[in-house]
2 protein chains.
Amino acid sequence: MTTLTQQQWIYRRQPVGQITAEHYELVEQQLSTTLGDGEALIEARWFSVDPYMRIGQSSKPTYDTEPHPLNTVQQGAVVAQVLASNAPGFAVGDWVQSYTGWQTHARVHASGLKRIDPELAPVTTALGVLGMPGRTAWFGLTESGKPHAGEVVVVSGAAGAVGSLVVQFAKRHGARVLGIAGGAAKCDWLRNVLDADWAIDYKAYADADTLGAEIKRLTGGVDVYFDNVGGMVTDAIIPLINRRARIVICGQISQYSGGLETPELGPRLLHHMLYQRATIQGMLARDYLHRMDEMIHIVAPWVKAGEIVFEETVIDGFAQLPAALNSLFTGEHRGKLLVKA
Amino acid sequence: MTTLTQQQWIYRRQPVGQITAEHYELVEQQLSTTLGDGEALIEARWFSVDPYMRIGQSSKPTYDTEPHPLNTVQQGAVVAQVLASNAPGFAVGDWVQSYTGWQTHARVHASGLKRIDPELAPVTTALGVLGMPGRTAWFGLTESGKPHAGEVVVVSGAAGAVGSLVVQFAKRHGARVLGIAGGAAKCDWLRNVLDADWAIDYKAYADADTLGAEIKRLTGGVDVYFDNVGGMVTDAIIPLINRRARIVICGQISQYSGGLETPELGPRLLHHMLYQRATIQGMLARDYLHRMDEMIHIVAPWVKAGEIVFEETVIDGFAQLPAALNSLFTGEHRGKLLVKA
């Protein structure tokens, strides 16, 4: 039997706060390269690192009833190339997207492979603007946020993979867009590169009141709030919503390192929903998987024409995966965070 | 000039916590009975006392930009009879609904009068099931709650004017209904008279976790939460929502005696919206004023047929109005709270 050496990151322990080396183990083993009918052998070139992975490590039920199983390969999307194929339609060297997680190689049935056209856009966009983050941004904004031209759209986590796309999609809807991010450099990028009307570094504010006063001064009030972050930023914005505002809960990353188990305390603000007849709606990318073609139909031409900024922050080396995941919550990345094999 | 002696409750001071005698002043004065073109003189028989009145006393903007003006008659709806008329279509003795507030008599232009048909139902229903509370319950449930047969609908403040109607309307939609109220007597009434499937006395629980455990045990999970109360009850329910649950924010009365100025702290729970792709929607009765006929068309026949319980708690005497308002937040009333002139 022919084999190759495969490396895997095994999820060993549920983190309480931040993710460290003790929660994962790097193992090496031999993978048989003998292919069954319809199977291909793939080698991962790019690994996706996404905030949802931390949700799956919560000890309480989330969008899945059960947490990510211990002692298995960390799940996640990859961009890979075909090393050998027994699957009709897949040839050696083809680029594919798969969900084989944090392992260098895998044998996968064709039903678990999605072809990537490298002529359309860089292959990594399958993990970003033309993949799950793009779908999240597009449908979260259009189906839940429903922005109109001239309205004020505020995006938290605006320099992240999803947020940076929401900023741009909202601009294309004719909205006036405020991006909120951590640090002056990200804010400069939001204004100068993504063309946000305004950007605010939330770390420069001591509390929700002073942050809110600045948001109010810039925008006058908020029609759509696309929330990736939660916590103090959300506390600042809810009292500023306009009549019939739409709040999209896409993520709450400020709460992922413990707050999903034992909720933080924050101000009770639901009376503002009543005052403004506003809506809070939670959205999950998987609900729009079957409508991926709608998003691609609209967004792929913009990508091809170079009209969308799809920044990537690349961390080099399979060994860096757990640290890369943790850096989503602490780090200075811009756009989509990827690990290169 | 002919006059009559008119009594008024003047709103003098903004309350911080509970409403007491110092916030209102009872004044007596002479009202000219000389009628202009199209005017009628009315005498109030029934005064409405509603939680929204306390919202209007907040020092911060609410659904109105400005709070209830000081040194004016407390606004509110009344059921009155015509004492004299210079208005075509209104005759002495006619029953009308008006918005003349806490005063015994008023001269009102016909445009400010709405005829009540005393044959259709008791005239007080114009302040309850066939008035603003009925409209709130009906459109809040049908337009925001959108219950389906077989779903679980939970109602907080379930023994109140709005809540007691929501319980019944939800049952008519085929839902399984849990009413939450304060005290065993209200719960017995919810089960035995309103036919709620379950009732819980939230005062019997020390915290949101133990209350939530009981709600979970009874219902299994919540599809629609019609919230009149907020606070601990809402904290208990949000972690129990089912996929695509709809939370209707109709009131937050647990927060009205201070929490609208300085929000209480409570657990951050917005991640559950994401997990369950759920919706929180604020609703206000005034948004459905123009659709009143839709509600009346459906609900009035039920009222006429005796199929709807529209309990009233009556406090006797104009002098009791401020105390009656305060008792909304502390008292033991069931159904619609009215003050009889």
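**Core and fold of a predicted model**

Visitor: Which residues does M273(A) touch, not counting residues up to four places away in sequence?

Guide: This is a predicted model, in which local features need pLDDT of at least 70 and side-chain atom pairs count only at pLDDT 80 or more, while totals for chains, interfaces and linings use all residues. Residues are numbered from 1 along each chain as its sequence is written, and side-chain values use heavy atoms, without hydrogens and water. With contact meaning heavy atoms within 4.5 Å, the residues touched by M273(A) are I241(A), I247(A), A278(A), T279(A), I280(A), I249(B), I280(B) and G282(B).

Visitor: Which element supplies the largest share of the largest nonpolar core?

Guide: A nonpolar core is a set of buried (under 20% relative accessible area, 1.4 Å probe, protein chains only) Ala, Val, Leu, Ile, Met, Phe, Trp, Tyr and Cys residues joined through side-chain atoms within 4.5 Å. The largest one has 92 residues, and M273(A) and I215(B) are among those that touch the most other members. Its largest share, 5 residues, comes from residues 321-330 of chain A, helix α9.

Visitor: How many helices and strands does chain A have?

Guide: Helices (H or I, at least four residues) and strands (E, at least two) are DSSP runs, numbered from the N terminus. On that basis, chain A has 9 helices and 17 strands.

Visitor: Why is chain A said to be as compact as a globular protein of its length?

Guide: The globule rule, 2.2 Å times the number of residues to the power 0.38, gives 20 Å for 341 residues. Chain A is as compact as a globular protein of that length because its radius of gyration, taken over C-alpha atoms, is close to that value, at 21 Å.

Visitor: What percentage of the residues in chain A is buried?

Guide: Chain A holds 341 residues. Of these, the buried share is 59%.

How values were computed
Chains lettered and ligands numbered in written order. Buried < 20%, exposed > 50% of the residue type's maximum accessible area, 1.4 Å probe, protein only.
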